[in-house]
Amino acid sequence: MTKTLISAPEELAVSLDDIKAQLRMETSFTVQDALLTQYINAAIGYIENACGLKLITQTWKYESDPTLSYPLVVYLPFGRAQSISSVVWTDEDGNAETIDA
């Protein structure tokens, strides 16, 4: 089973300004912004992996093993989805079939 990130989140789950406020740092102090952003991304990654979900909207392509037999139940790798744009599968004759949302 293959997971491919198509579009990453457009924002962080916690803003840099929120982190600076928690640390009682002035927002104009930007020397440590890159490091703080790395810490935010590390924390988000840890939480997402531990909980098996994604915190912010993003687009993924998920491909299951084509050798699996039918009927097939597909379990999403990240828990509940906000939406599913389409489902594509290969039928017994090798033809790609698509269901659009």
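This note goes through strand pairing, an aromatic pair, two pockets and three single residues in a predicted model.

1. The β3–β4 hairpin. Strand β3 covers residues 86-90 and strand β4 covers residues 96-100. The two strands run antiparallel and are joined by 5 bridges. Across this pairing, W89 stands opposite E97 in β4. Between the strands of the hairpin there are 5 residues. Within the hairpin, G94 takes a positive phi near 85°.

2. The aromatic pair. The model has 1 aromatic pair. The pair is formed by W60 and F78, with 4.7 Å from centre to centre and 55° between the planes, and is classed as tilted. It links distant parts of the chain, as W60 belongs to strand β2 (residues 59-63) while F78 sits in the loop between β2 and β3, 18 residues apart.

3. Accessibility of the two rings' residues. W60 has 30% relative accessibility and therefore counts as partly exposed. F78 counts as buried because its relative accessibility is 16%, and the cut-off for buried is under 20%.

4. The largest pocket. Its volume is about 1,400 Å³. The lining is made up of 35 residues, and those closest to the centre of the pocket are W60, K61, Y62, L76 and S86. Three elements, β1 (2-7), β2 and β3, each give two or more residues to this lining. By class, the lining of the largest pocket holds 19 nonpolar, 10 polar and 6 charged residues. W60, a member of the aromatic pair, is thus also listed among the residues closest to the centre of this pocket.

5. The second largest pocket. This pocket has about 180 Å³ of space. It is lined by 14 residues, and P9, N41, I44, E48 and Q58 lie nearest its centre. Helix α2 (residues 33-51) supplies the largest share of the lining, 4 residues. The lining divides into 8 nonpolar, 3 polar and 3 charged residues.

6. L5. This residue is in strand β1. It counts as partly exposed because its relative accessibility is 41%, and partly exposed covers the range between 20% and 50%. Leaving aside neighbours within four places in sequence, L5 is in contact with Q58, T59 and W60. For L5 and T59, the separation is 54 residues in sequence and 6.3 Å in space, C-alpha to C-alpha. Two of these contacts of L5 appear in earlier points: Q58 lies among the residues nearest the centre of the second largest pocket, and W60 is in the aromatic pair.

7. R24. This residue lies in the loop between α1 (16-22) and α2. R24 has a positive phi of about 60° although it is not a glycine. With a relative accessible area of 74%, R24 is exposed, since exposed means over 50%. A reader checking the backbone may compare R24 with G94, where the positive phi is near 85°.

8. V74. The loop between β2 and β3 contains V74, and F78 of the aromatic pair is in that loop as well. V74 counts as partly exposed, because its relative accessibility is 45%. V74 and T27 are 47 residues apart in sequence, and their C-alpha atoms are 45 Å apart in space.

Key
Residues are numbered from 1 along each chain as its sequence is written. This is a predicted model: local features need pLDDT of at least 70, side-chain atom pairs count only at pLDDT 80 or more; totals for chains, interfaces and linings use all residues. Side-chain values use heavy atoms; hydrogens and water are left out. Two strands pair if DSSP finds at least two bridges between them. Rings of Phe, Tyr and Trp (its six-membered ring) pair if their centres lie within 6.5 Å; planes under 30 degrees apart count as stacked, over 60 as edge-to-face and the rest as tilted. Buried means under 20% relative accessible area, exposed over 50%, partly exposed in between (1.4 Å probe, protein chains only). On a 1 Å grid over the protein atoms alone, a cavity is a set of points where a 1.4 Å probe fits but cannot get out, and a pocket is an open set with protein on both sides within 12 Å along at least five of seven lines; lining residues have an atom within 4 Å of a point. Grid points are joined across faces, edges and corners, and a volume is the space filled by probe spheres set on the points. Ala, Val, Leu, Ile, Met, Phe, Trp, Tyr, Cys and Pro count as nonpolar, Asp, Glu, Lys and Arg as charged, and the others, Gly among them, as polar. Contact means heavy atoms within 4.5 Å.
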